[in-house]
Amino acid sequence: MPHETTASSTSRPQETRGREHHPAHWGGVFAMSLCVFALIASEFMPVSLLTPMAAELRVSEGMVGQGIAISGLFAVLTSLSVSTLAGSLNRKTLLLGLTALMAVSGALVAMAPGYLLFMVGRALIGVVIGGFWSLSAASAMRLVPAHQVARALAIFNGGNALATVLAAPLGSYLGAVVGWRAAFFCLVPLAAVALVWQWIALPSMTVDKPRESGSVLAIFAAFRNRTVAWGMAACGSFFMGQFVLFTYIRPFLERVTRVDAATVSLVLLVIGVAGFAGTMLIGRFLSKGLYRTLAILPALMAVIAALLVPAGSWIAAVVVLLGLWGLLSTAAPVGWWSWIAEAMPHDAEGGGGLMVAVVQTSIAIGSTLGGVLFDSAGYGGTFLASAAVLLAAGVLAFVTARATRRSA
C-alpha cells in the first residue's frame with residue numbers, strides 16, 4: 001500500500017512482495033462480499049424476531065438472545081484456531097466449506113423443533129463468523145494486488161454495512177408476513193448463491209507454508225511484537241468504545257430524544273446508509289495515511305459521543321450526529337483490516353484470527369460496561385465513557401504508528 005511504511009513491509013518475504021503484480025480477481029471479491037452480507041444477516045436476524053421465536057420455542061426472550069452470545073463465543077474460539085487446524089488446506093475449499101456451513105445453520109435454525117437445536121444452529125454460525133473474518137485479510141491479499149487490498153476490504157465491509165441496514169427491518173417484515181422460520185430459511189438460498197459464485201469466481205488459494213501444528217494458543221505469540229500489541233490494544237479500544245454507546249442507541253432515542261418506534265427505525269436506517277457510504281469512501285483516506293486515519297476516526301467519534309449528551313433532546317441534531325457516527329464507525333474496521341494486512345503480511349491468517357478474537361471480546365466488554373453505566377449513571381455517563389475510551393483508541397493508534405516507525 002502507498003501509505004506510511006510499516007515495520008513488516010521492510011521485511012516482507014519475496015513471495016509477498018510478488019503479490020504486488022498478481023492479477024486482480026474482483027469477481028471473487030464481490031462473491032465474498034455477498035457471503036459477508038448473508039453472514040451478517042444470519043448473525044443479527046434474531047434481534048428483530050425475538051418475540052415470536054421465544055413464543056414458539058417456549059423460552060424467554062432473554063434465552064433466545066443468548067443465541068447471539070453463543071455465536072460470539074464460537075466466533076472467538078474459531079478465530080483463534082482456524083489457521084492452525086486448517087493446515088495446508090486450500091483456502092478456497094475452506095471458504096466454500098464455511099459458506100456451506102452457513103446454509104446448514106440457517107436451515108437448522110429454521111427447522112429447529114426446540115431450543116437445543118436452535119442453539120446448535122447459532123453455534124454453527126459463530127464458527128462461520130470466526131473462520132470467515134479470520135481469512136478475510138489474507139484472502140484479499142491473494143485476490144488483488146497489494147495496493148488494492150484496502151479497496152477489496154472496503155467492498156467486503158460494504159456487504160457488512162448493507163446487511164446492517166437491511167437485516168433488522170427485512171427480518172421483522174418477513175417475520176410478520178411469513179413467520180420467523182421462513183425468514184430464517186430465506187437465508188439458505190442466499191448462502192447457496194454465495195457458495196456457487198465463490199466456487200466460480202475464487203481462484204485456487206493454496207498454502208505455501210502452513211502454520212506449524214501445536215497449541216492453538218500459539219497465535220498469542222504475535223503480542224511479542226510491540227507494533228502488533230499496541231495495534232491490537234488500539235483496535236480493541238475502538239470497538240469497546242463504539243459499543244459502549246451504540247448498544248444503547250434505541251433506549252436513548254426512546255427515553256431522551258422521545259421518538260416513536262417508526263422514527264427509531266428511520267434513524268437506524270440513516271446510520272446504516274451513512275455507514276455504507278463510509279465503507280465506499282474510506283479507501284482514499286487509507287491510501288494517503290493509514291495511521292493518521294486510524295487515529296482521527298475514533299477522535300471524531302469521541303467528539304460526537306460527547307455532543308450527543310447536551311443535544312439529546314433535539315431530534316435534528318441527534319439524526320445528524322448519529323449519521324456522522326455511522327459514517328465513521330462502519331468505515332473504521334476497513335482501516336483495521338488494512339492494518340493487519342500491513343502489520344502481519346507473513347501471517348495475515350493468524351493476525352486476522354487474533355483480531356477477530358480481540359474485536360469480539362471488546363464488543364462484549366463494551367456492551368456490558370455500557371449497560372452497567374446506562375442503568376447507574378444514565379445516558380450521559382454512558383456516552384461520556386464511550387468518548388473517553390474512543391479518545392484512548394486514538395492515542396493508542398498514534399502510539400502504534402510511533403512503534404512502527406521505530407521498528408522500521
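Helix axes here are lines fitted to C-alpha atoms over the stretch in contact, and angles run from 0 to 180 degrees between N-to-C directions. The helices themselves are DSSP runs (H or I, at least four residues), numbered from the N terminus. This is a predicted model, in which local features need pLDDT of at least 70 and side-chain atom pairs count only at pLDDT 80 or more, while totals for chains, interfaces and linings use all residues. Residues are numbered from 1 along each chain as its sequence is written, and side-chain values use heavy atoms, with hydrogens and water left out.

A good place to start is α6 with helix α10 (residues 187-201), whose axes come within 8 Å and cross at roughly 170 degrees. That makes the two roughly antiparallel, a label for angles over 145 degrees. Contact means heavy atoms within 4.5 Å. On the α6 side, the residues are Lys92, Leu95, Leu96, Thr99, Ala100, Met102, Ala103, Gly106 and Ala107, and they meet Val188, Ala191, Ala194, Leu195, Gln198 and Trp199 of α10. By class, this contact has eleven nonpolar, three polar and one charged residues; Ala, Val, Leu, Ile, Met, Phe, Trp, Tyr, Cys and Pro count as nonpolar, Asp, Glu, Lys and Arg as charged, and the others, Gly among them, as polar.

α6 turns up again around a cavity, meaning a set of points on a 1 Å grid over the protein atoms alone where a 1.4 Å probe fits but cannot get out. There are two cavities of 30 Å³ or more. The second largest has a volume of about 40 Å³, the volume being the space filled by probe spheres set on the points, which are joined across faces, edges and corners. Its lining (residues with an atom within 4 Å of a point) consists of Ser42, Met102, Ser105, Gly106, Val109, Arg122, Ile125, Phe184 and Leu187. The elements giving two or more residues to this lining are α6 (91-111) and α7 (115-143), and α6 gives the most, with four. Sorted by class, the lining of the second largest cavity has five nonpolar, three polar and one charged residues.

Next comes α15 (residues 315-343), whose axis comes within 6 Å of that of helix α13 (residues 261-288), crossing at roughly 40 degrees. That makes α13 oblique to α15, the term for angles that are not under 35, over 145 or 65 to 115 degrees. Among the α13 residues in this contact are Ala274, Gly275 and Gly278, with Gly323, Gly326 and Gly335 among those of α15. The contact of α13 with α15 divides into 13 nonpolar, nine polar and no charged residues.

Helix α11 (residues 226-246) packs with α15 too, at about 160 degrees and with the axes 11 Å apart. That makes α11 roughly antiparallel to α15. The contact includes Phe238, Phe239 and Phe246 of α11 and Trp325, Trp336 and Trp339 of α15. Here the classes come to 14 nonpolar, four polar and no charged residues.

Notes:
1 Å grid on protein atoms, 1.4 Å probe; cavity = no way out; pocket = protein on both sides within 12 Å on 5 of 7 lines; lining within 4 Å.
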